[in-house]
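Q: Could you take a close look at one part of this model for me, starting at a single residue and working outwards along the chain? I'd like the cut-offs behind each term as you go.

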Amino acid sequence: MELRWLDDFIALAQTRHFSRAAEERNVTQPTLSRRIKLLEEEMGVTLIDRNTLPLTLTPAGEIFLLGARQMSSIAQDTKARCREIREAQESRLRFATTQTLYLLFYRNWLMPASERHGVDIDLDLTSTAWGASDFVNALQQGKCDLVLCYWHPLIDVIEDLESDEFEHIVVCDEELIPISATNEAGDAIFQLPGSKRDPLPYINYHQSSFLRPLIEHKLQNTPDTPHLTTINENMASVSVKAMIKEGFGVGWVPKRLAEESLNYRRLAAAGDEHWNIPLQVRLYRLRSNHHASLEPFWHKLAAEQAPQTD
């Protein structure tokens with residue numbers, strides 16, 4: 001049984017005339033007659049008394065009319081709700097970012113901005129475990145509308161995002177700083193550069209991380225040769241920070257991520273400022289993405305110059 005047959009039957013029951021019902025249903029009279037016949041065959045009973053003028057419903061037809069109206073109403077209501085869900089999903093912007101940037105910027109910056117401008121944001125939490133190249137691919141393939149990530153000229157994997165195919169907003173400037181757990185006096189347990197005889201235990205980043213190339217370049221080009229022994233690798237800065245905080249070694253994390261612990265002296269700088277690495281936080285989009293909500297939201301963010309979080 002097709003749902004449209006129910007509406008055909010309801011129209012016929014209301015008009016009591018095949019021609020008028022066909023006109024109301026925007027079909028030919030033979031088509032309507034065939035559908036009513038199929039409906040009767042499906043139900044195994046005669047629903048229309050065709051020997052009367054105007055047409056009348058048989059007793060079975062009267063009973064079926066009640067059910068047909070209920071089923072048609074439920075179907076229409078369900079269809080409307082599904083359409084509302086689809087429209088809501090289509091109007092929602094899909095956002096992807098790293099675990100660290102999610103913790104630092106999603107609730108403190110992006111969500112307030114989306115609420116301020118009346119835009120729904122759908123965060124893909126699986127993206128917090130992506131490698132750097134996954135973010136580029138997601139934008140290119142239309143799997144997300146916005147990507148928040150770290151940027152530095154040495155991050156080769158996101159070079160594609162610098163093409164005319166993409167557009168970005170600089171959210172803020174950031175620094176990677178070397179940190180260490182502290183002793184009872186609040187001083188760093190480990191201090192760069194270490195020594196050949198006693199290299200410092202090093203909490204490194206995974207090869208697919210945004211930040212590893214920057215740190216490797218820094219270590220290879222600093223006047224003070226660091227002496228480090230890698231004991232652990234992680235994708236996310238929050239994991240690197242956690243290992244460092246427990247006293248397992250020294251490592252680099254974004255300054256914003258470490259600020260509170262530094263203020264309370266649970267962490268301390270493991271070197272002076274010449275060990276710091278400048279970088280930026282940027283929001284990217286694909287220029288050819290014509291999502292209805294993206295364009296106005298993007299220009300409002302750009303006009304606000306994406307204020308920095310504290």
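A: Happy to. Let's begin with Glu 165, which sits in the loop between β5 (146-151) and β6 (166-181); helices (H or I, at least four residues) and strands (E, at least two) are DSSP runs, numbered from the N terminus. The model is a predicted one, in which local features need pLDDT of at least 70 and side-chain atom pairs count only at pLDDT 80 or more, while totals for chains, interfaces and linings use all residues. Residues are numbered from 1 along each chain as its sequence is written, and side-chain values use heavy atoms, with hydrogens and water left out.

Glu 165 belongs to a negative surface patch, together with Asp 156, Glu 159 and Asp 160. A patch is built from residues with over 30% relative accessible area and no salt bridge, joining like charges within 9 Å and nonpolar side chains (Val, Leu, Ile, Met, Phe, Trp, Tyr) within 5 Å. Lys and Arg count as positive and Asp and Glu as negative, with His and the chain ends not counted. Each charge is placed at NZ of Lys, CZ of Arg, CG of Asp or CD of Glu. Accessible areas come from the Shrake-Rupley method with a 1.4 Å probe, and for residues only the protein chains shown count as cover.

Why can Glu 165 be part of a surface patch? Its relative accessible area is 39%, so it is partly exposed. In these terms buried means under 20% relative accessible area, exposed means over 50%, and partly exposed is in between. Leu 154 is also placed in the loop between β5 and β6, and it is partly exposed at 28%. Leu 154 and Asn 183 are 29 residues apart in sequence but 35 Å apart in space, C-alpha to C-alpha.

Next comes β6 itself. This strand is mostly covered, with 12 of its 16 residues buried. Strands are said to pair if DSSP finds at least two bridges between them. By that rule, β6 runs antiparallel to strand β11 (residues 277-286), joined to it by 10 bridges, and Ile 169 stands opposite Leu 283 there. Strand β9 (residues 251-254) is antiparallel to β6 too, through 4 bridges, with Ile 177 facing Val 253. Strand β10 (residues 267-269) adds an antiparallel pairing with β6 over 3 bridges, where Ala 181 has Leu 267 as its bridge partner.

A network of salt bridges links Glu 167, Arg 285, Arg 287 and Glu 295. A salt bridge here is a side-chain nitrogen of Lys or Arg within 4 Å of a carboxyl oxygen of Asp or Glu, and the whole structure holds 15 of them.

Following the chain onward, strand β7 (residues 200-205) has 6 of its 6 residues buried. In a regular strand the side chains alternate between the two faces of the sheet. In β7, Leu 200, Tyr 202 and Asn 204 point one way, Pro 201, Ile 203 and Tyr 205 point the other way, and all are buried. The pairing of β7 with strand β8 (residues 228-234) is parallel and spans 6 bridges; Ile 203 stands opposite Asn 232 in that strand.

For comparison, here are some salt bridges elsewhere. Glu 40 and Arg 50 meet at 2.9 Å, N to O. That pair links distant parts of the chain, 10 residues apart: Glu 40 is in helix α3 (residues 29-43) and Arg 50 in the loop between β1 (48-49) and β2 (56-57). Glu 40 is buried at 5% relative accessibility, whereas Arg 50 is partly exposed at 38%. Arg 81 and Asp 77 form another salt bridge, at 3.2 Å, N to O. They are 4 residues apart in helix α4 (residues 59-91), so about one helical turn separates them. Arg 81 is exposed at 54%, and Asp 77 is partly exposed at 38%. Glu 2 and Arg 4 make a bridge too, with their closest N and O atoms 2.5 Å apart.

One last surface feature is nonpolar: Met 1, Met 43 and Val 45 make a patch of about 240 Å². Val 45 lies in the loop between α3 and β1 and is partly exposed, with a relative accessible area of 36%.

Methods. Buried < 20%, exposed > 50% of the residue type's maximum accessible area, 1.4 Å probe, protein only.
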